Amino acid sequence: MRNADHLERVRINQILSAVYNYPLTLLEAPMGYGKTTAVKKFIEAEKINPFWFTFPDLSGSEAVFWDKFTDEIVRQDAHAGFALKSLGIPSDAPQMEKVLQIFSGVLPAENFFMILDDYQFTKSAALKKLIMRLAREELDGLHILLITRDTTDIDFVELLSKGLCYILSRQHLKFTYSETQDYCRRVHPGITDEDLSKIYEYTDGWISFIYIILLGIKNGIPVGLSTMIEEMVEKALFAPYDKDMQSFLLKLSVLEDFTAEQAKCVTKNKNTKPLLKKLTRENGFVFYDEKSKTYKIHSVLLDYLRLKQNFSAEEVCEFYTRLGDWYLEKQEFQRAYSCLNQAGLTERILSHLNNPQNIRNVLLQFEGVDAMFNSTPREVLFEYPLAYLLHIFHSIVQGKQNPILGWAERLNELERYYKKQDGIDETYRNRILGETLIVRILTYFNYFSEMMTQNQEIIRLLNGQHSYLLLQGYTFTFGSPHYLYIYFREMGSLKKISDVLAKSTDFTEFSNGCGAGSSFLALAEYALETGAFDKVEKHVLETIEKAETMSQIYIILCARFCLIRLRILEGRLSEALELLKELQRDAERLNRPLYNTAVDLCSGYIFASICQFEQIPSWLQIGDMTSASFYSQGLSYIYIVYGKAVMTSKKYIKLETLTTEFKKRFSLFSNQLGLIYNKIFEAAARCHLHGTSAGAAVLEAALNEARPDRLITPFAESAPHIIAMLQYIVQKHPEDEYLSTILTLCLRYERMIQGLSYHPASLSQREIDILSLAAEGLSRKEMAMRLFISEETVKTHFKNIYQKLSVSSKISAVKIAQDRGCLKMSDT
């Protein structure tokens with residue numbers, strides 16, 4: 001857009017002061033007020049090179065944003081950029097902490113500008129949460145500018161109240177009468193005072209409308225002939241072109257932004273490049289971004305063109321089909337499927353997905369995928385069974401519910417269809433029936449005996465071949481660091497479950513190696529939990545050897561966690577902690593969100609067991625489970641670790657309250673081990689709040705539930721919190737061998753960890769002052785003024801605080817300090 005010098009002078013200065021002085025600036029105005037142009041002028045004037053991303057009006061654009069953003073970080077720090085790329089937009093607390101830690105470590109010494117244009121189009125709650133969190137953290141040199149038409153869905157009120165956000169509205173951008181007069185005379189020196197008054201009255205300082213009216217005057221359209229923006233766009237920006245150019249523009253309007261190659265693909269116009277050059281030269285509403293090598297039509301013109309579109313259904317289908325084919329050729333399958341879906345070519349998508357070579361769950365994340373499958377007649381879906389089964393498989397794993405018909409019922413339908421279908425190849429029929437049984441296994445989640453009953457039938461149907469759907473890289477343990485925990489549903493069944501898991505290795509004949517090593521893992525974990533410590537290491541090593549052949553990293557993780565716990569029980573604490581460090585280093589190297597969370601759970605469990613509370617990952621100390629992954633929330637092992645953390649912190653009122661919620665979580669999938677731990681937590685809380693006998697009554701109930709399975713280790717690893725109660729119980733039952741064994745192990749465990757040096761981090765009074773002000777919501781600048789110190793000193797204090805509390809962010813530091821009683825809890 002062509003703007004007058006005063007827009008560069010006045011608006012840019014306003015943006016300059018906002019962007020440099022606040023972590024977050026919102027530039028909000030309706031389309032056509034010159035938001036994007038003003039920011040571009042600011043960038044040009046300041047000679048800065050920002051990260052700029054414009055959100056298209058499409059779902060899934062957040063993934064494109066993260067890909068481009070991490071590319072920008074890669075250019076500054078390849079290791080950090082690829083780490084962020086691997087993590088993805090954070091969806092839970094541990095992932096958020098990891099992203100903040102990496103990002104804060106790579107920000108340049110000078111200012112880093114992140115400009116997100118058309119932010120109103122982003123639908124991702126995770127991305128919005130990340131942006132707000134980055135602003136709250138006040139990371140050195142980071143300035144975020146959101147350009148948007150609407151702030152309704154932006155939760156900026158708290159940031160605004162704390163001085164961390166500034167809002168530039170249409171009032172900042174719209175021209176005054178004198179500015180309008182000056183601008184119009186620069187563009188059209190001969191304009192009359194009467195026309196000037198009319199222009200200001202009609203436009204109210206709306207720069208795009210002013211520009212369009214002036215174009216109209218240039219083309220012989222008197223001021224006031226039309227006061228409707230659509231009519232003015234028609235007369236000034238569209239009608240002056242010949243039929244070929246008009247047709248070209250209308251076809252381009254099906255795209256959000258586009259390369260010359262994409263434009264040629266959609267329009268099929270041989271003169272695409274010269275036509276685009278003509279448009280960018282003559283029309284301020286079509287512009288080219290040199291950095292991204294893409295064209296974009298301004299939203300004022302784009303909205304008009306889309307209203308004017310009068311394409312037949314066949315023409316629309318043809319446009320999106322050509323674009324879909326173009327993306328397919330580039331192997332950008334998600335975008336290709338999205339375009340083909342908009343073209344109504346459901347069967348082309350299904351056909352492509354039905355090819356075993358294309359079966360990857362990531363391909364089922366395109367715009368409109370669920371609606372497509374739900375609206376497609378099932379007799380059509382039956383013709384593409386692998387695509388249909390992939391959708392069901394992916395939906396079950398993601399925890400989606402089908403609003404029309406349940407997944408089990410859909411699988412039954414498909415199975416009946418292929419059993420009765422005549423005239424199809426028997427090998428193909430068996431393939432589909434076998435894959436259907438594999439997907440059905442997921443509907444029996446954590447009922448292992450039911451899951452395993454189908455194995456021989458699957459092997460028979462697949463005739464020794466591997467599954468197309470169950471791939472080697474799937475997470476066999478569902479992200480839990482304890483394999484047996486998943487399937488232990490009933491008292492007295494642990495030995496049986498362990499034996500079944502150990503003997504059920506036939507599934508590896510069709511699983512592409514997924515689950516390799518799990519049979520030995522079941523034996524290792526059973527031996528550990530029941531006190532057969534002499535058998536654990538052998539089974540752990542067998543697990544790792546077998547799992548490594550098929551890259552089963554989650555099974556290996558479970559085995560290593562088992563070995564770390566064994567080493568502590570054997571009194572080899574330093575060796576155990578070194579093994580844990582190796583596991584943490586591997587997590588850094590692999591850098592996968594679910595794996596990182598699983599390793600955090602291992603770390604949290606170990607440090608809670610040896611009473612080293614401050615070494616527990618910060619998000620587990622404070623119990624930040626918000627938006628935790630489906631696997632972690634569903635299996636609830638996360639609540640065992642959090643419970644142990646709270647018990648270690650000796651916050652018994654909080655622990656007693658939490659046990660009610662924990663019980664609901666563990667009962668969801670009847671996780672028997674979780675329910676036993678929960679009684680241990682309740683016993684510890686009651687003992688300290690209501691006396692030894694009150695706690696012992698609950699602990700005895702836990703022991704009675706554990707007795708049929710001869711569970712020992714959960715009690716031993718809770719030794720410091722339950723010994724007094726155990727001694728009380730044993731005095732009443734001195735001949736009980738099971739209780740005596742547990743007490744002996746607990747006493748040994750407690751003596752072993754008593755030798756650990758424990759030096760809790762101590763915050764200075766100044767550091768407490770800093771965190772108290774942070775809890776009130778003050779910015780670093782305001783803290784410096786309140787405490788009569790420099791802003792750089794405030795930054796130094798924060799660095800020291802982060803190091804002492806082992807956190808990566810200001811919010812986590814405040815929460816940890818509040819949780820430890822250093823600060824008063826916030827009312828919010």
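Ring pairs join Tyr485, Phe561, Tyr605, Tyr637, Tyr639, Tyr642, Phe662, Phe666, Tyr677 and Phe681 into a cluster, and the model in which this cluster appears is a predicted one. Across the structure there are 44 aromatic pairs. One of them is formed by Tyr605 and Tyr677, whose ring centres lie 6.3 Å apart with the planes at 80°, and because planes over 60 degrees apart count as edge-to-face, the pair belongs to that class. This pair connects distant parts of the chain, since Tyr605 sits in helix H33 (residues 593-609) and Tyr677 in helix H38 (residues 672-690), with their positions 72 residues apart in numbering. Tyr605 has a relative accessibility of 0% and therefore counts as buried, while Tyr677, with a relative accessible area of 1%, is buried too.

Charged side chains also lie over aromatic faces, and Phe561, a member of the cluster, has Arg565 placed in this way.

| Charged residue | Ring | Distance to ring centre |
|---|---|---|
| Arg431 | Tyr468 | 3.8 Å |
| Arg565 | Phe561 | 5.6 Å |

Turning to another element, helix H2 (residues 35-46) has 12 residues, which at 1.5 Å a residue should span 16 Å, and the 17 Å separating its end C-alpha atoms agrees with that expectation. The buried residues of H2 are Lys35, Thr37, Ala38, Val39, Phe42 and Ile43. In an α-helix there are 3.6 residues a turn, so residues three or four places apart point the same way. Just after H2, Lys47 adopts a positive phi of about 55°.

Notes
Residues are numbered from 1 along each chain as its sequence is written. This is a predicted model: local features need pLDDT of at least 70, side-chain atom pairs count only at pLDDT 80 or more; totals for chains, interfaces and linings use all residues. Side-chain values use heavy atoms; hydrogens and water are left out. Rings of Phe, Tyr and Trp (its six-membered ring) pair if their centres lie within 6.5 Å; planes under 30 degrees apart count as stacked, over 60 as edge-to-face and the rest as tilted. Helices (H or I, at least four residues) and strands (E, at least two) are DSSP runs, numbered from the N terminus. Buried means under 20% relative accessible area, exposed over 50%, partly exposed in between (1.4 Å probe, protein chains only). A charge sits over a ring if NZ of Lys or CZ of Arg is within 6 Å of the ring centre and within 35 degrees of the ring normal. The expected span of a helix is 1.5 Å times one less than its number of residues.
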